[in-house]
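Colleague: Before I rely on any of the labels attached to this structure, I would like to hear how each one is justified, with the value set against its criterion.

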2 protein chains.
Amino acid sequence: MPTSPPSASSPTAPLEFASVFARLSPHVKALDACLREQIQAFEPEVREMADYCIDTSGKRIRPALVFLSGWQDDAVSPALVKVAAVIELVHLATLVHDDIMDEAGLRRGRDTAVKSFGPEAAVLLGDALFAHALHLAAQFPTTAVCSAVGESTRRVCAGEIIQTMRRGTTAITREDYYRVIDLKTAELFRVSCHLGSQLGGYDDDFVAAATIYGRQLGIAYQIFDDLADFFGEEGKIGKTLGTDLVSGKLTLPLLELADALKPTERAALMSEITGQAATNMELRLRQLRELDIFDRVNEALESQLRKGERAIGAFAALPAVPRLLSLAEVLRAQVKLLQP
Amino acid sequence: MPTSPPSASSPTAPLEFASVFARLSPHVKALDACLREQIQAFEPEVREMADYCIDTSGKRIRPALVFLSGWQDDAVSPALVKVAAVIELVHLATLVHDDIMDEAGLRRGRDTAVKSFGPEAAVLLGDALFAHALHLAAQFPTTAVCSAVGESTRRVCAGEIIQTMRRGTTAITREDYYRVIDLKTAELFRVSCHLGSQLGGYDDDFVAAATIYGRQLGIAYQIFDDLADFFGEEGKIGKTLGTDLVSGKLTLPLLELADALKPTERAALMSEITGQAATNMELRLRQLRELDIFDRVNEALESQLRKGERAIGAFAALPAVPRLLSLAEVLRAQVKLLQP
């Protein structure tokens, strides 16, 4: 079943993002209610389509970051729910647009918006979702949420643009790689922790620390995702392996592989990236395993994660901190499941 | 020269939108400077692409509405310049996305963003422009601008979605037609007058009146645009005639034509809309002329325009009013140029 979502196919995994959400259950219920409420704001003729896009089946990592970084007690704060909804709507809008570009037909086990409504309507639906997110952000007493979300979204798009323009090119350094994942993935993680801790009433020192943690977790999460593209079991992670290589994206596993290969073999890999040669996936997957690329990439991931943990370590007594740290543990457990 | 912009090909037209801008010259200079400044806010890697999209060669009707509806004296107000820039950025973002959907290669005499950078980057660039517009909107002391612009953009997208989903369908009433143009075109005209008059310091009564005027002018402007699709001289308006019919869009001229035709002829027109029959453009253009469709549509346009003029008529002593009314006169002059 290549299309079933990861959570459905590994129900016995020891630590999953879903496990964090079990503890957040009343918050997630309030978030779902808030997202459902937003559908009413859309023009009647497009409500059904907006409803389709406001999918509540995702992992909701960004809302979890908002809730956990703003955690004070078990009470569900309406401000945190609203900002979590704003960020999730922005994320859903980017998914709608991503699926158009990737010509993806399925996401989370059902037809994508582009498959259901066509590319024209999907571009506009993504725009409408994003516009509504910003309208919702304007319901806060100050412009802080609008400003932060507007800026973050621009940065996410910039990261995606840079990645798109670089596809099939090989002059990519680790610095280039980190720059792109910092923008395209870590930015929304970062702003989730920033706004969460701020609206949770924490002081500037902790807000700054939580913001660093969010960013580092986002970078580590993207490295995990890039690792899963080569090291997942196809049945378990619910997708085809090696799509990044096929689409000409030089991610960290491939950068590490290039370094570990002899010059002639490395040149062959590069012509697969540029599309001059057909991808020899079987060979590349074997090389990735034989040259211990998993461990090298995992080290890089760990180093990013530890930077984040150090940033909030000094605030261990705050109720938000052990909860935030639990997300890093979940990520580690997920990485471990990929280990060859 | 089918690709040259209208203003370049009819330099001697008596009243053009450009003539309004001659009087607004210091404001437009300040707007251009503000838009150029925004490019610096984009990530260095995408700045050149953002620069390309922030095209300053358009008619700038929406900024003109902001300036004219907020007019108090000749001074250039920084708040009006900033809100004009926000609305123009949203408009430019929608153009970038429109050109992807229309597979347009040229706009204003040069390659579109989608032609220059590909559809993937163009989707993301439109998103980034829109995100930055909202970030800029958050620089006002209150959330009012963010809220209004976020909501208006959602409505513009909803209008475009409804239009897209209806393409090639024939069960469309005048009410349906007006609903779509109210959303897709009149909404940004409306919010331009709303925010312009409000930031210009006018009282609630005039703000409400100016908002109605903006909306009515927007509806009339779209009717003009739909008329120009059939009645322009190809050389003069710089585009092919009849594209709405070819793409299955039942605009007001076609609705009027359908009413004026005998049942069998009307059925033939409808099968051209649905794509079941090939378009007989020569016949349709002749029928549009012979059955006086221009006059009928122009009457509908006039009726919309007069509603707007009546709304602000009671405020004739305010400095904004004669200036706003001049835009209606420019539109009338433009419509007259189309008369067969």
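**Reasoning from values to labels**

Modeller: This is a predicted model, and a convenient place to begin is B:A85, which touches B:L31, B:C34, B:L35 and B:L136 when residues up to four places away in sequence are not counted. B:A85 itself lies in helix 6 of chain B.

Colleague: Why is B:A85 called buried?

Modeller: The term requires a relative accessible area under 20%, and B:A85 has a value of 0%, so B:A85 is buried.

Colleague: How far is B:A85 from B:G242, in sequence and in space?

Modeller: The two are 157 residues apart in sequence, and their C-alpha atoms are 33 Å apart in space.

Colleague: What makes the pair A:R179 and B:E45 a salt bridge?

Modeller: The criterion asks for a side-chain nitrogen of Lys or Arg within 4 Å of a carboxyl oxygen of Asp or Glu, and the N to O distance between the side chains of A:R179 and B:E45 is 2.7 Å, so the pair satisfies the rule. Across the interface of chain B and chain A the rule finds six salt bridges, and there are also 14 residue pairs in polar contact, both residues being at pLDDT 80 or more.

Colleague: Which helices of chain B supply at least two residues each to the side that touches chain A?

Modeller: They are helix 6 (78-101), helix 8 (119-137), helix 9 (144-166) and helix 10 (174-199), with helix 9 of chain B giving the largest share, 14 residues. By residue class, this side of chain B divides into 25 nonpolar, nine polar and ten charged residues.

Colleague: How much area do chain B and chain A bury between them, and how many residues are in contact?

Modeller: The size of an interface is often given as the accessible area lost when the parts come together. For chain B and chain A that area is about 3900 Å², 70% of it on carbon and sulfur atoms, while 44 residues of chain B are in contact with 44 residues of chain A.

Colleague: Turning to a single chain, why is chain A called as compact as a globular protein of its length?

Modeller: Chain A has 18 helices and two strands. Its radius of gyration is 20 Å, close to the 20 Å that the globule rule gives for 340 residues, and the description therefore follows from that agreement. Buried residues make up 58% of the 340 residues in chain A, and among contacts in chain A between residues at least 6 apart in sequence, 75% join residues at least 24 apart.

Conventions:
Residues numbered from 1 in each chain as written. Chains lettered and ligands numbered in written order. Heavy atoms only, no water. Contact = heavy atoms within 4.5 Å. Buried area = accessible area lost by both parts, 1.4 Å probe. Polar contact = N/O pair within 3.5 Å; in protein donor to acceptor, adjacent residues only side chain to side chain. Helix = DSSP H or I, 4+ residues; strand = E, 2+ residues; numbered from the N terminus. Nonpolar A, V, L, I, M, F, W, Y, C, P; charged D, E, K, R; others polar. Rg over C-alpha atoms; globule rule 2.2 N^0.38 Å. Buried < 20%, exposed > 50% of the residue type's maximum accessible area, 1.4 Å probe, protein only.
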